[in-house]
Amino acid sequence: MFLRLFFFWGVLGESAAVLQRSRLSNEIVPVSAQQASTYSDYEVPYGAMNALDMNVNSYAYLKTTGPYWWKATLGQVYRVYQVIDIWNSNSHPEHHRSWTCSEDGCVCEVHACKLLTATVSIEGATADLQLPESGCKNGNTVKIDSTFHFYLYEIAVTKKPESDCTTIAESWDKVVTVPVLPVPHGTALTLSCLEGYTNLKESEDTATCLYGQVVPTEGLPNCRLMRERVSDEITPASAEKSATFNDDAANHGAELAIDMDLGTAYIADLGPDTHLPWLKLSLVKLHCVESVIIYDSLGDPLITWTCSEDDCDICTDTQSHCNSYSLTVSTEGAAHYHVFYI
Ligand SMILES: [Ca+2]
């Protein structure tokens, strides 16, 4: 079946006039083509570029002896979406078979594809952008292979549409871009923090809009909601605790209660015994403590204790927390140290 068809097409090709096809949407224009061999070494009627000349009457045609491959060089790395083999069907261009590409390769489902495989790869050194992977195959070369000798009227290679970037990922809810979105494909962006948030990173992060996706060059800003210091606030030197939830000091440790970051918190663990959990802050030197405040994650006071000479027993709260917590301010160790407990 295959050989009979091949003979038919071969005869047709030699007497062909120009039958122009149309460029497809998002079609890549390859810069060159090569093939394993050329039938009878006749470059003009059978050369590799005949599969790229937009003429559906001309074709690239291999020798009957192997190996059997044809290759297009795209000129730069593209996000290749489809490879389409266009035939001359009764003097009309027909999409005979196509391969749809993903990160794993290019797959064709119809029976006719079983004779040929299409491979997209990156050949040689390239300084092109690192393109995001999502539903396409990145490459600068498209190769058609077979275990039989074959001919190709036209090969069209399409890329993922170079769409604008309109949004950033939901998980980047504290990040903003400069310039603001939407921006066209290829736009360089800087990433900063939403107003009111502080970027704890010293260096600025950058990104590029690629195929509708904002792709960070390296990382993201560390955007944190930081508490403002109140007037005459004492900065504790250290924090101790009874037990930390899951023994995870990095994510729940006592120091997180005094790091000014409202997004982090000390989380106590009751542990195997049921003693009351506690947090203790050392103030380094003796202070006349006026008030102690626990904040919620938005920076609003949750509990405020006001101190007198006798005690810190005047508690005000917004959600009935005074009954659940107790506070002690005391002097521990050498007399010039003043410590209070929460
Ligand atoms: Ca052609």
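**Close-up 1. The E5–E6 hairpin of this predicted model.** Strands E5 and E6 make a hairpin, with two residues sitting between them. Strands here are DSSP runs of at least two residues, labelled E, while helices are H or I runs of at least four, and both are numbered from the N terminus. E6 covers residues 105-107 and runs antiparallel to E5, with three bridges holding the pair together. We call two strands paired if DSSP finds at least two bridges between them. One partnership to look for is Ser102 with Gly105 in E6. Numbering starts from 1 along each chain, following the sequence as written. Because the model is predicted, local features need pLDDT of at least 70 and side-chain atom pairs count only at pLDDT 80 or more, though totals for chains, interfaces and linings use all residues.

**Close-up 2. The E4–E5 hairpin.** Step back along the chain and E5 (residues 92-102) turns up again, now antiparallel to E4 (residues 68-89) and joined to E4 by eight bridges. E4 and E5 also form a hairpin with two residues between them. Have a look at Asn90 in that turn: its phi is positive, at about 50°. Within the ladder, Asp85 has Arg97 of E5 as its bridge partner.

**Close-up 3. The open sheet E11-E12-E14-E15.** Four strands line up in the order E11-E12-E14-E15, paired antiparallel in an open sheet. E11 and E15 (213-216) are the edge strands, each pairing on one side only. From one strand to the next, the twist averages 40°, with axes taken as lines fitted to C-alpha atoms and angles running from 0 to 180 degrees between N-to-C directions.

**Close-up 4. Inside that sheet, pair by pair.** E11 (residues 175-178) and E12 (residues 188-193) run antiparallel and share four bridges; here Val176 stands opposite Ser192 in E12. E12 also pairs with E14 (residues 205-210), antiparallel and over four bridges. Along E14, Ala207 sits opposite Leu189, and Asp205 faces Leu191.

**Close-up 5. Where to trust the model.** The protein chain has a mean pLDDT (the predictor's confidence in each residue, from 0 to 100) of 86, and 88% of its residues reach 70 or more. Confidence peaks in strand E2 (residues 32-35) at 98 and bottoms out in helix H1 (residues 2-14) at a mean of 42. Residues 1-15 have pLDDT below 50 and, beyond near neighbours in sequence, nine contacts in the model, a contact being two residues whose C-beta atoms, placed from the backbone, lie within 7 Å. Residues 335-342 are also below 50, but with 32 such contacts. Where pLDDT is low, don't read the predicted coordinates in detail.
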